[in-house]
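User: I should like to go through the assignments in this model one by one, with the reasoning behind each.

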Amino acid sequence: MIRKLNNKGMSAIEILVTFVLVAIIVVSMYDGIVGLKEKETISSHKLSLATYKNLLTKDIQDDLIKIGLAGADIQPLNVDEGYYVTLTLRDGSKRILEVKQVFGCEALDYDEALQVCGQRGIDLNQSDEFSISYGPEGNLTEYPIPDLGHEEIANFSGTGTHTIYTLRINEVNITTSNQVFSLRITFTHPDLGTNYSIDIASPINYP
């Protein structure tokens, strides 16, 4: 006896099962691609920050090691805006290091901005301003901090926006204790934490 093939097509249950399996596969592939993209982005950020750190560190250390440091005068910029350092080298020449650290208002809500930014003395429409410059007096070279992402926030008064960067100068510590010039500039980033910093130390008037 010859049996006839079932040519009624797929049942509703079979179609549903197939759809669920395809959906699971697509979601898994999407999650994998997103995860890979995030890792690639983080790796790129690490490379940019490491390159920046190494370049600036080398330029400063070349002067301190090859010529030698005779003195360092550390002055603040305007209130809570960073530091202006005059480095006098052993040959009598001077180098200027300017670190600008101005935090913008990152609050998105007006009430939060009044509470957080207002209490810290930050203008509600203030953008982040982070920069490091170094070089001979009158001929400074700015070393732009890598832009690893930023957000434009609508100003709370008037039109326009202000900018908040994901990579920020978190802390600046400059001292001359015990006749040693010490510089530490720490960066912070949501994906990188505070693992990256510029660290320089040099004896003053080392014979």
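**Assignments and their grounds**

Analyst: In this predicted model, I153 stands opposite H162 in β7.

User: What makes β6 and β7 a pair of strands?

Analyst: Two strands count as paired when at least two bridges are found between them. Strand β6 (residues 150-154) and strand β7 (residues 161-165) are joined by five bridges in the antiparallel sense, so the criterion of at least two is met. Their hairpin has six residues between the strands, and G158 there takes a positive phi near 80°.

User: How do you know that I96 is buried or exposed?

Analyst: Buried means under 20% relative accessible area. I96 has 1% relative accessibility and therefore counts as buried. This residue lies in strand β3 (residues 94-102).

User: What does I96 touch, leaving aside residues up to four places away in sequence?

Analyst: The contacts of I96 are Y84, V85, T86, S133, Y134, G135, E137 and L140. I96 and V85 are eleven residues apart in sequence, with 5.7 Å between their C-alpha atoms.

User: Why are β8 and β10 said to stand at the edges?

Analyst: The open sheet of three strands has the order β8-β9-β10, with antiparallel pairing. β8 (168-175) and β10 (197-203) each have a single partner strand, so one side of each is left without a neighbour in the sheet. From one strand to the next, the twist averages 5°.

User: How many bridges support the pairing of β8 and β9?

Analyst: Seven bridges link β8 to strand β9 (residues 180-188) in the antiparallel sense. In β9, I185 is the bridge partner of V172.

User: Which strands are the edge strands of the open sheet of five strands?

Analyst: That sheet has the order β1-β2-β3-β4-β5, with antiparallel pairing. β1 (69-76) and β5 (141-143) are the edge strands, as each pairs on one side only. The twist here averages 15° from one strand to the next.

User: What joins β4 to β5?

Analyst: Strand β4 (residues 129-136) and β5 run antiparallel and are joined by three bridges. The cut-off is at least two bridges, so they pair. Y134 has T141 in β5 as its bridge partner.

User: What caps the N-terminal end of helix α2?

Analyst: D109 caps that end of helix α2 (residues 110-119), with a side-chain oxygen 3.0 Å from the backbone nitrogen of D111. A polar contact requires N or O atoms within 3.5 Å, and the 3.0 Å separation satisfies that distance limit. G121 follows α2 and has a positive phi, near 75°.

How values were computed:
Residues are numbered from 1 along each chain as its sequence is written. This is a predicted model: local features need pLDDT of at least 70, side-chain atom pairs count only at pLDDT 80 or more; totals for chains, interfaces and linings use all residues. Side-chain values use heavy atoms; hydrogens and water are left out. Helices (H or I, at least four residues) and strands (E, at least two) are DSSP runs, numbered from the N terminus. Axes are lines fitted to C-alpha atoms, for helices over the stretch in contact, and angles run from 0 to 180 degrees between N-to-C directions. A polar contact is a pair of N or O atoms within 3.5 Å; within protein, one must be able to donate a hydrogen and the other to accept it, and residues adjacent in sequence count only if both atoms are side-chain atoms. Buried means under 20% relative accessible area, exposed over 50%, partly exposed in between (1.4 Å probe, protein chains only). Contact means heavy atoms within 4.5 Å.
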